[in-house]
Amino acid sequence: AKRHVRGDYVPQKESKTGWLSKILCHPELVSGSSHRNIIPSPENIKNIPSASHAAKRQVRGGYARRKAAFTLAEVLITLGIIGVVAAMTLPTLIAKYQKKVVAAHLKKYYSMMSQAIKLAEAENGDMKYWVPDCSGEPQCFRDWYNKYLDKHIKSIKKDDSNARFYKVVFADGSGFNAYVPDDGADYAFINYCVDFKKNCPADQFNGQNSFLFSITRDGRFTTSLSIMEKYTRSQLLEACAKGNTDNPEVSSVGRRHACARLIQLDGWEIKPDYPWEQTIITK
């Protein structure tokens, strides 16, 4: 009796589940006067030989569920960390993807135009004999392009509403805005835009979406200006970054003639040191 009062209860003969029932239904546990966990751990339940398999599974399951739980604060902190990391890395990943898309479009357009010129030369001889030498005439580039190249290049839209500039859009969403200048070392300037709908103004080459191509007087299709074929890479880097060959001392927004030639020189890739943003020079 004294041992029972002290709580040192020693069971005699019990049924298979009697011992476990007395533990789980102990007055201290039922009344809530004890701070111990009601659900024994898996290690303790193993030491009860008379416990049934169902009881052991129940105890193990309850213990595992309590152990794997996360608090609301922990979840919010984790989501906050993920958000900060995403905000830091996402712009870099997007810019990297954009550069790959731009380089791929430039390579595709250069190849398409070069192939069309070869096919036209097979019909009309070397292009130096049929370059667009028609400056000052209305719709000069349109007439030249439709006569020699149009049938060899698939397009979905053409716009000749401007007497000087001629617009052509391709199925992939890219296109060009071209014209024949009144004077200059090259006979035609083609402003190719990766995303024609986004921004493709006449005579603008921003180095991100729009790039300059030329038809030379000696009958060649080149990136940028023909004179820039002789530029070193360091010269192209500087010219692409600052732009505006008309007045090197002052930059004009979107006048970056050398960028297409730089990308071509780098194997139709936009390298890490490529000046994605234009450096504006003011007096």
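**Exercise 1. Place D203 in the chain, describe its phi, and decide whether it is buried, partly exposed or exposed.**

Step 1: D203 sits in the loop between β4 and β5 (210–216). Helices (H or I, at least four residues) and strands (E, at least two) are DSSP runs, numbered from the N terminus. This is a predicted model, in which local features need pLDDT of at least 70 and side-chain atom pairs count only at pLDDT 80 or more, while totals for chains, interfaces and linings use all residues. Residues are numbered from 1 along each chain as its sequence is written, and side-chain values use heavy atoms, with hydrogens and water left out.

Step 2: The phi of D203 is near 60 degrees, a positive value in a residue other than glycine. Most residues other than glycine have a negative phi.

Step 3: D203 has 24% relative accessibility, so D203 counts as partly exposed. Here buried means under 20% relative accessible area, exposed over 50%, and partly exposed in between (1.4 Å probe, protein chains only).

**Exercise 2. Carry out the phi and burial analysis for Q139.**

Step 1: Look in the loop between α6 and α7, where Q139 lies.

Step 2: Read its backbone: Q139 has a phi near 55 degrees, a positive value in a residue other than glycine.

Step 3: Q139 counts as buried because its relative accessibility is 12%.

**Exercise 3. Find how many aromatic pairs the structure has, then work through two of them.**

Step 1: Searching the whole structure gives 21 aromatic pairs. Rings of Phe, Tyr and Trp (its six-membered ring) pair if their centres lie within 6.5 Å; planes under 30 degrees apart count as stacked, over 60 as edge-to-face and the rest as tilted.

Step 2: Take Y145 and F176, an edge-to-face pair at 5.4 Å centre to centre with 70 degrees between the planes. This pair links distant parts of the chain, with Y145 in helix α7 (residues 140–148) and F176 in strand β3 (residues 175–179), 31 residues apart. Y145 is buried at a relative accessible area of 0%, and F176 is buried with 0% as well.

Step 3: Now try Y179 and F189: their ring centres are 5.8 Å apart and their planes at 70 degrees, so this pair is edge-to-face. Y179 belongs to strand β3 and F189 to strand β4 (residues 186–193), so the pair ties together parts 10 residues apart in sequence. Y179 counts as buried at 7% relative accessibility, and F189 counts as buried at 14%.

**Exercise 4. Which residues does T222 contact, leaving aside its neighbours within four places in sequence?**

Step 1: Go to strand β6 (residues 221–223), which holds T222.

Step 2: With those neighbours left out, T222 is in contact (heavy atoms within 4.5 Å) with F213, S214, T216 and E229.

Step 3: Check the burial: T222 counts as buried, at 2% relative accessibility.

**Exercise 5. Which residues form the nonpolar patch on the surface, and where is V75?**

Step 1: The patch consists of F70, L72, V75, L76, L79 and I82, with about 670 Å² of accessible area together. Accessible areas come from the Shrake-Rupley method with a 1.4 Å probe; for residues, only the protein chains shown count as cover. Patches are made of residues with over 30% relative accessible area and no salt bridge (a side-chain nitrogen of Lys or Arg within 4 Å of a carboxyl oxygen of Asp or Glu). Like charges are joined within 9 Å, and nonpolar side chains (Val, Leu, Ile, Met, Phe, Trp, Tyr) within 5 Å.

Step 2: V75 lies in helix α6 (residues 72–124) and is partly exposed, with a relative accessible area of 38%.
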